[in-house]
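Thanks for taking a look at this one with me. Below are a few numbered points to read alongside the coordinates.

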Amino acid sequence: MTDVRAALREPLADLLARRRDPVVVQTLRSTAAATISYVVALQLSSEAAPLTAPLTALLVVQVTLYSTLKTGIRRVNAVVVGVIIAIAFSALVGLTWWSLGLIILASLVVGRFVRVDEFVPEVAISAMLVLGVTQVTNTAWDRVLETLIGAVVGLLFNILLVPPVWVGSAGESIEDLARRMRQLLLRMGEEVATQAPVAYAAARRHEARLHEARRLDNDVADVDAALRQAEDSLRLNPRVKEGLLHRVVLRTGLDTLEICAVVLRVLARTLADLAKERREEELFPRDVAIALEDLLARVADALVSYAVLVTARVSANADAAEERLAGDLVATRAVRDHVADLLLRGVLRDPRQWQLHGALLAEIDRILDELDPGHRGRRLMEELDRHSRERAAKRTPLSALRDRLEV
């Protein structure tokens, strides 16, 4: 009995852990909305099987309220335009191979002009479905009605059952990216501290770190996708009061980590080039190697501290995270200055590849500058000012009247 409970506990725990997964949420919400829209359409439409309503709801309902509203308007627009085109063609010609070709061409062309974006094929699909039936007028308006039912049900579904805010999952993605960068820096430090001549295998390990640093681009792209979903979930969400601030904080944080990932790739390239030049000797003297390993480890810790600061929601947590990051940067810069002194002494004794030593320090400096809280504050203010200017440029008379009424 105990074994059975243990066997069931793991799948159940995995199911509970995935209950807020975007794929799981999207599946459940889409299924429920499509079913409800079909039931409503059965009562209002004259069609025996009004499948256009659940189809519309299935395509309209998205994970976030903002994307649902945007997608719903575009889809309804696409269907209505397709129906109008079908009505116009049915009044002139019937369904033949050449009329079908003309209606597809006209629908695709008109769809580009009415700005339905990804639903351009839906204009042609609606026109073909309506043109292919006998009682075109009744079917056309039934299709419009079913489309409106599906879109309205999908929209009300997300208004009444407010979708979750995906800031937490985006924050976790940012922290995971920082931890992967930390692990790479730690491995680079361990290889630097290896006290042995740089043989072929050691040089290949440095090349492997370079390839690992290049793969960070894929990780950044995955985090960017999660962040875009989080940004959409903050728009038009009644549970969020400072959506713009949350979006800017996460976006600037990811931008900083992306820059650090690029610099980290250059840093790995520098170490790989240095390893190629020193095949018969140690990469660095013993004291320099130990100090450089310590420096890379401290930079790795500072990256994680920065990610924690970016994803901190409560002001108290944010203050503690900022203090921790500031302390990490002070300690890291002290070790950096010590490494610079050691490298300078070594270059004075042996100036070979001095430019690589200088590049190594410059790359460390760039990462530390990007992580500096003062630099982060300036970027936040610049982004907020940019959003304010864009909002002011897009202001309409209605929005200006609303602002006056709020005052």
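1. A definition before we start: a patch here is made of residues with over 30% relative accessible area and no salt bridge, nonpolar side chains being joined within 5 Å. In this predicted model, Leu-95, Leu-100, Ile-125, Met-128 and Leu-129 form such a nonpolar patch on the surface, and together they have about 400 Å² of accessible area. Helix α6 (residues 120–131) gives the largest share of the patch, three residues. Leu-100, for its part, is found in helix α5 and is partly exposed, with a relative accessible area of 30%.

2. Now the overall picture. The protein has 16 helices and zero strands, and of its 407 residues 42% are buried. About 21,900 Å² is exposed, with carbon and sulfur atoms supplying 60% of it. Taking contacts between residues at least 6 apart in sequence, 79% join residues at least 24 apart.

3. Helix α5 deserves a closer look. Its 17 residues (97–113) reach 25 Å from the first C-alpha to the last, close to the 24 Å expected at 1.5 Å a residue. Which residues of α5 are buried? They are Ser-99, Ile-103, Ser-107 and Gly-111. These four cover an arc of only 95° around the axis, so they sit on the same side of α5. The general rule is handy here: an α-helix has 3.6 residues a turn, so residues three or four places apart point the same way. On the other side of α5, Trp-97, Leu-105, Arg-112 and Phe-113 are exposed. Just after the helix, Arg-115 takes a positive phi of about 60°.

4. Helix α11 (residues 243–277) holds Arg-269, and Thr-252 is found in α11 too. Thr-252 counts as buried because its relative accessibility is 3%, under the 20% cut-off. Not counting residues up to four places away in sequence, Thr-252 touches Tyr-306, Arg-379, Leu-380 and Glu-383. Arg-269, by contrast, is partly exposed at 26%. Leaving aside neighbours within four places in sequence, Arg-269 is in contact with Glu-207, Leu-210, Arg-214 and Lys-276. The C-alpha atoms of Arg-269 and Ala-213 are 9.1 Å apart, with their positions 56 residues apart in sequence.

5. On to charge pairs: a search of the whole structure finds 16 salt bridges. Asp-294 and Arg-298 form one of them, with the closest N and O atoms 3.2 Å apart. Because these two are four residues apart in helix α12 (residues 286–311), about one helical turn separates them. Asp-294 is partly exposed at 32%, and Arg-298 is partly exposed at 31%.

6. Helix α14 (residues 354–371) includes His-357, which is buried at 8% relative accessibility. His-357 and Leu-271 are 86 residues apart along the chain, with their C-alpha atoms separated by 9.2 Å. Also in α14, and four residues apart, are Glu-370 and Arg-366; their salt bridge has its closest N and O atoms 3.1 Å apart. Glu-370 is buried at 5%, whereas Arg-366 is partly exposed at 39%.

7. Two last items to check in the viewer. The side chains of Arg-333 and Asp-369 meet in a salt bridge at 4.0 Å, N to O. This pair links distant parts of the chain, Arg-333 being in helix α13 (residues 315–349) and Asp-369 in α14, 36 residues apart. Finally, Arg-187, Glu-191, Arg-209 and Glu-212 are linked in a network of salt bridges.

How values were computed:
Residues numbered from 1 in each chain as written. Predicted model: local features only at pLDDT ≥ 70, side-chain atom pairs only at ≥ 80, totals over all residues. Heavy atoms only, no water. Buried < 20%, exposed > 50% of the residue type's maximum accessible area, 1.4 Å probe, protein only. Contact = heavy atoms within 4.5 Å. Expected span 1.5 Å × (residues − 1). Arc of directions from axis to C-beta. Patch = residues over 30% accessible without salt bridge, like charges linked within 9 Å, V, L, I, M, F, W, Y side chains within 5 Å. Areas by Shrake-Rupley, 256 points an atom, 1.4 Å probe, with all protein chains shown as cover.
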